[in-house]
Amino acid sequence: MMLTKITRYGEAVGLAAVLGGLATGEISTHLATNLHNPIISIGNRVVDFVPNFMKELVIRFFGVNDKTFLLTCITIAIALLAMVIGRLFAQQKARQGQYVILAMTGIAVLASLFDAKAGPFAVMPSLITGGVTALILNSFSRRKTKAESFGGEYTRREALTFAGLIGAVAVASVGFGRLLQQQANTQLERLKVILPKALRPLPPPPTDPALGVPGLSTLFTPNSDFYRIDTALSLPDISLDTWTLTIDGMVSTPLKFTYKELTNRPFFELDDTIACVSNEIGGNLVGNARWLGIRLDDLVKEAGPLSRADQIMGHSVDGFTAGFPLAALDGRDAMIAFGMNGEVLPTDHGFPARIIVPGLYGYVSATKWLSRIELTRFDEKRGYWIPRGWSVLAPIKTSTRIDTPRNGARIVQGKAVIGGVAWAPTRGITKVEVKIDNGEWQNAKLGPELANTTWRQWWLKWNATSGEHRISARATDGSGDLQGEKSVAVLPNGAEGYHSIFITAE
Ligand SMILES: Nc1nc2c(c(=O)[nH]1)N[C@H]1C(S)=C(S)[C@@H](COP(=O)(O)O)O[C@H]1N2
Ligand SMILES: [Mo]
């Protein structure tokens with residue numbers, strides 16, 4: 001009876017001790033830049049080393065919530081181990097408990113060593129986390145033994161456990177508070193920025209057809225709904241006072257700019273649809289925005305690329321890299337973007353600056369939290385995703401998505417509208433066709449074309465007869481090419497195939 005009670009407390013105390021350790025570790029991450037708590041460090045390694053097929057499965061099931069899923073898994077694993085440790089201590093097996101803490105700390109230390117820009121302090125948060133956990137548990141187990149020698153009063157033990165829990169929660173909330181405060185600082189910096197207007201602003205967008213077609217994607221994707229894909233488990237914390245952008249590598253004149261210097265250059269606007277190579281047919285890893293920034297080709301020209309350079313590689317402050325051909329600067333409006341849809345670039349979309357190259361998938365071009373542009377060679381350097389099995393060259397493939405009705409929907413028979421978006425940056429979309437059941441391909445109505453870099457909305461009215469229907473859609477791009485019909489997987493250079501849905505009219 002008494003033993004089970006101790007054991008139960010043991011698990012609670014184990015959780016509290018690990019929580020206390022993690023919170024202290026988290027606080028220690030604020031002592032220097034680029035430090036991460038063990039959960040983030042371990043998560044970073046999982047992101048780096050997890051095989052492609054698993055990554056695809058996770059993206060398929062959790063979409064843009066893949067990070068939450070990963071961090072939750074790691075947290076649950078740590079919580080389970082914390083309970084095991086607590087139980088070992090409660091059962092007077094403190095030594096075994098310490099070995100488990102040591103092993104966990106070892107894994108975290110190892111993981112943190114590989115964090116981007118990891119200096120000698122990288123291992124500190126993990127060491128502190130492990131150390132504090134061990135300290136809390138050791139002091140608890142000593143006191144417990146003492147309490148038992150007094151006769152093992154429950155109330156005393158309960159009080160001690162309670163105190164331990166409260167203490168840990170207090171420490172944890174301090175850590176959490178710091179975390180929020182830190183993010184608030186980045187947000188404050190962002191909110192203080194007032195970007196210049198474009199020299200020749202684009203005309204205000206036309207009336208959005210989505211107003212008349214319920215369920216159709218809006219012409220521009222609001223920033224809050226814009227898909228987010230990156231390897232960053234914690235958003236980089238960047239201060240504009242110290243942030244700079246370097247252009248170097250195979251150039252005659254390496255350059256370095258501050259935020260102020262860059263945003264004093266002439267601004268232009270670009271309507272461009274960006275897409276992730278991992279977007280499945282019918283998926284939502286694609287969005288359209290009005291970007292605001294400066295010309296990338298001008299900047300590269302100023303640095304003077306050497307004739308042997310053939311690749312432009314963006315480096316992020318967090319170590320991510322993306323490389324695309326220097327030849328892609330062929331006059332298209334490649335941009336260093338500082339603004340998105342009338343706002344300062346949101347933190348999760350790359351504040352303070354990112355690259356946008358119309359027509360290329362994000363993983364080879366769209367470096368967020370940009371800190372360096374390196375002129376290099378494809379046979380010398382490869383971007384983050386290339387050794388992981390993805391293609392070196394990655395132009396965006398022509399695609400169509402049916403937005404409405406939703407796959408599996410039950411609609412009312414009679415008048416209905418089928419609608420969606422089609423994109424083929426930088427070729428543009430000239431035709432979208434829809435096929436209902438075994439009918440002919442019918443031309444859909446096309447929405448306004450902002451530029452050949454943006455998606456086009458499309459819709460088709462039909463009279464839905466009672467029963468089940470299969471609806472497919474396909475697009476033709478500005479070069480007159482029909483999108484690929486055969487189903488092709490996202491790996492290695494983007495999905496192909498017509499989007500088809502099944503619905504029931506009743
Ligand atoms: N620093 C950084 N930039 C990055 C990535 C990343 O992991 N880290 N992912 C790229 C990928 S794969 C895509 S599809 C786009 C997505 O941009 P978004 O999150 O603003 O939609 O960002 C690109 N830029
Ligand atoms: Mo991507």
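Which pocket does ligand 1 sit in? In this predicted model, ligand 1 sits in the second largest pocket. The shell around the ligand holds 19 residues. Two enclosed cavities also turn up, counting those of 30 Å³ or more. Beyond these spaces, the backbone has two cis peptide bonds to note, Phe351 to Pro352 and Leu491 to Pro492. Gln92 adds a positive phi.

**Ligand 1 and its contacts**

- Tyr227, Thr231, His349, Arg354 and Lys368 are the closest of the 19 residues that surround ligand 1.
- Lys368 places a polar side-chain atom 2.5 Å from an oxygen atom of the ligand.
- His349 also uses its side chain: one of its polar atoms is 2.7 Å from an oxygen atom of ligand 1.
- Ile229 takes part through its backbone, where a polar atom is 3.0 Å from a ligand oxygen atom.
- On its own, ligand 1 has 530 Å² of accessible area, and the protein covers 99% of that.
- The shell is mixed in class, with 9 nonpolar, 5 polar and 5 charged residues.

**The pocket that holds the ligand**

- The second largest pocket contains about 760 Å³ of space.
- Its lining is made of 38 residues, and those closest to the pocket centre are Asp66, Ile229, Asp230, Thr231 and Trp385.
- Ile229, one of these central residues, is also the residue with the backbone contact to ligand 1.
- Thr231 appears in both settings: it is among the residues closest to the ligand and among those closest to the pocket centre.
- Five elements give two or more residues each to this lining: helix 2 (38-49), helix 3 (52-62), helix 4 (66-90), strand 3 (268-275) and helix 10 (362-365).
- Helix 3 supplies the largest share of the lining, 6 residues.
- By class, the lining residues of the second largest pocket are 23 nonpolar, 7 polar and 8 charged.

**Enclosed cavities**

- How many cavities of 30 Å³ or more are there? The count is 2.
- The largest cavity has about 100 Å³ of space.
- It is lined by 13 residues, and Asn279, Glu280, Ile281, Ser399 and Trp423 lie nearest its centre.
- Strand 11 (residues 399-404) gives the most to this lining, with 3 residues.
- The lining of the largest cavity divides into 6 nonpolar, 5 polar and 2 charged residues.

**Backbone features**

- Most peptide bonds are trans, and most residues other than glycine have a negative phi.
- The bond from Phe351 to Pro352 is cis, with omega near 10°.
- Pro352 is found in the loop between strand 8 (343-344) and strand 9 (354-356).
- Leu491 and Pro492 are likewise joined by a cis peptide bond, with omega about 10°.
- Pro492 belongs to the loop between strand 18 (467-477) and strand 19 (499-505).
- Gln92, a residue other than glycine, has a positive phi near 65°.
- The loop between helix 4 and helix 5 (94-113) contains Gln92.
- Helix 4, at one end of that loop, is also among the elements that give two or more residues to the lining of the second largest pocket.

Terms used:
Residues are numbered from 1 along each chain as its sequence is written. Chains are lettered from A and ligands numbered from 1 in the order in which they are written. This is a predicted model: local features need pLDDT of at least 70, side-chain atom pairs count only at pLDDT 80 or more; totals for chains, interfaces and linings use all residues. Side-chain values use heavy atoms; hydrogens and water are left out. A residue is near a molecule or strand if one of its heavy atoms lies within 4 Å of it. A polar contact is a pair of N or O atoms within 3.5 Å; within protein, one must be able to donate a hydrogen and the other to accept it, and residues adjacent in sequence count only if both atoms are side-chain atoms. Accessible areas come from the Shrake-Rupley method with a 1.4 Å probe; for residues, only the protein chains shown count as cover. On a 1 Å grid over the protein atoms alone, a cavity is a set of points where a 1.4 Å probe fits but cannot get out, and a pocket is an open set with protein on both sides within 12 Å along at least five of seven lines; lining residues have an atom within 4 Å of a point. A molecule sits in a cavity or pocket if more than half of its atoms lie within 2 Å of its grid points. Ala, Val, Leu, Ile, Met, Phe, Trp, Tyr, Cys and Pro count as nonpolar, Asp, Glu, Lys and Arg as charged, and the others, Gly among them, as polar. Grid points are joined across faces, edges and corners, and a volume is the space filled by probe spheres set on the points. Helices (H or I, at least four residues) and strands (E, at least two) are DSSP runs, numbered from the N terminus.
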